[in-house]
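Here are some exercises to work through with the model open beside you. Try each task on your own before reading its solution.

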Amino acid sequence: MAELIGIGFDSFTEEHDGILAYIQEDLYNEEALKELNLLNSPDVEISYEYRQMPNINWNEEWEKNFTPINIDDKVLIRAEFHESQNLPYEIIIQPKMSFGTGHHATTHLMIQQMYDMDFKDKKVLDMGCGTSVLAIFAKQRGAGETLAIDIDEWSVENSHENAERNNVDLNIELGTAENLGKEKFDIILANINRNILISDIPTYVKDLNDGGELLLSGLCFFDVDDILEVCKAENLTLERQLQREEWVSLLLKK
C-alpha cells in the first residue's frame, strides 16, 4: 500500500489473499506500477490484475448492505429506514455515490476525535466532505458557521440533502483547496488521503486561526511520519493520535 500510494492510489481494501487498490482512471500508469520495488523483488512473488470500476448505483448497493453505526454508544449514524436509538447524537444520512457512511475506520476515528473537541460557536471547514457527516456532527456539537467542500458534484448534492435531513445549516461548495483563502476557520476537518493532505496542509494552516485545530484522517499508520513532517514545518503541534485497524487520525493545533 505504501508503494502504491506513491504512484497515486488512494483507497485500499484488505482481502484474505491480497488487497484491492483504487486509483482515478486518468492517474493510472502501468509502467510506474511495473517499476515498484516490491514487484521486482526476488524475495516476494506478487501478481496483479486491473479493471475499470463500473458506474453502478452505489447508493442502491449501499442500501442492500448498510447497517447503523454505533460509535462508542455516543453517536449513531443511520439511514432513514433504520430505527432510532437512545444515544446522545444521531446522524441520518443517505449517500448518493459519495464517501462517508461511517463504516470506514477513518470516519469512525474522526467522529471519536470530534466528540472530545469544543465546537461551541466555532467556525468550521469540512474539506472533502463526502456525505457531510462530519460537518453535520460539528453543527450538532454546537459549531457556528460551517463550510463543506467536495470535488464531486454527487457529494455536493448529497450534502445538501443530508443537511436538510438533519435540520442543520451548512454552506456547501463544489471545489478543492483552491476555494480557500477568503476566510479563516477555528477548526478544519480533512478526511481525505495522504497525497492530497501533504499537498494541501500548508493551505489549511494559512486559513486556520491562531490556536485553531486541524483534524486529519484518511491515513494509514505508515503515512504518519510523512504527515507529521509537513505539520512540523507548518508549526503545528500534535495534540492527539488515534488508530483503528491500520488507519490513523491526527489532531493538531496551530
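The exercises below go from strands and sheets to salt bridges and then to single residues.

**Before you start**

This is a predicted model, in which local features need pLDDT of at least 70 and side-chain atom pairs count only at pLDDT 80 or more, while totals for chains, interfaces and linings use all residues. Residues are numbered from 1 along each chain as its sequence is written, and side-chain values use heavy atoms, with hydrogens and water left out.

**Exercise 1. The seven-strand sheet**

Task: Find the order of the strands in the sheet of seven strands, and name the edge strands.

Solution:
- Step 1. Helices (H or I, at least four residues) and strands (E, at least two) are DSSP runs, numbered from the N terminus. Two strands pair if DSSP finds at least two bridges between them.
- Step 2. Following the pairs gives the order E8-E7-E6-E9-E10-E12-E11, an open sheet with mixed pairing.
- Step 3. E8 and E11 (237-244) are the edge strands, since each pairs on one side only.
- Step 4. Neighbouring strands here are turned by 15° against each other on average, direction ignored. For such angles, axes are lines fitted to C-alpha atoms (for helices over the stretch in contact), and the angles run from 0 to 180 degrees between N-to-C directions.
- Step 5. At the E11 edge, E11 pairs with E12 (residues 247-253) in the antiparallel sense over seven bridges. Look for Arg240, which stands opposite Leu251 in E12.

**Exercise 2. Strand E7 and its neighbours**

Task: Work out how E7 pairs with E6 and with E8, and decide whether the residues of E7 are buried or exposed.

Solution:
- Step 1. On one side, E6 (residues 124-127) and E7 (residues 146-150) pair in the parallel sense over four bridges. Within this pairing, Leu125 has Leu147 as its bridge partner.
- Step 2. Between these two strands the chain passes through helix H5 (residues 133-140), making a right-handed β-α-β crossover. Right-handed means that, with the strands pointing away from the viewer, the path from the first strand over the helix to the second runs clockwise.
- Step 3. E7 also pairs with E8 (residues 171-174), again in the parallel sense over four bridges. Here Leu147 has Asn171 as its bridge partner.
- Step 4. From E7 the chain reaches E8 through helix H6 (residues 153-165), in a crossover that is right-handed.
- Step 5. Now for burial: buried means under 20% relative accessible area, exposed over 50%, and partly exposed in between (1.4 Å probe, protein chains only). Five of the five residues of E7 are buried.
- Step 6. In a regular strand the side chains alternate between the two faces of the sheet. Thr146, Ala148 and Asp150 point one way from E7, and Leu147 and Ile149 point the other way.

**Exercise 3. Salt bridges**

Task: Which parts of the chain does the salt bridge between Glu90 and Arg78 link, and which does the one between Glu80 and Arg165 link?

Solution:
- Step 1. A salt bridge is a side-chain nitrogen of Lys or Arg within 4 Å of a carboxyl oxygen of Asp or Glu. The whole structure has seven of them.
- Step 2. Glu90 and Arg78 meet at 3.0 Å, N to O. Glu90 belongs to strand E5 (residues 89-92) and Arg78 to strand E4 (residues 75-78), twelve residues apart.
- Step 3. Arg78 counts as buried because its relative accessible area is 9%, whereas Glu90 is partly exposed at 21%.
- Step 4. These strands are themselves joined: four bridges connect E4 to E5, which run parallel. Arg78 also stands opposite Ile92 in E5.
- Step 5. Glu80 and Arg165 meet at 3.3 Å, N to O. Glu80 sits in the loop between E4 and E5 and Arg165 in helix H6, 85 residues apart.
- Step 6. Arg194, Asp223 and Asp226 are also worth a look, as they are linked in a network of salt bridges.

**Exercise 4. Two residues compared**

Task: Decide whether Met110 and Leu38 are buried or partly exposed.

Solution:
- Step 1. Met110 lies in helix H4 (residues 105-115). Its relative accessibility is 0%, so Met110 counts as buried.
- Step 2. Met110 and Leu215 are 105 residues apart in sequence and 7.5 Å apart in space, C-alpha to C-alpha.
- Step 3. Leu38 is placed in the loop between helix H2 (30-34) and helix H3 (58-65). Leu38 is partly exposed because its relative accessibility is 42%.
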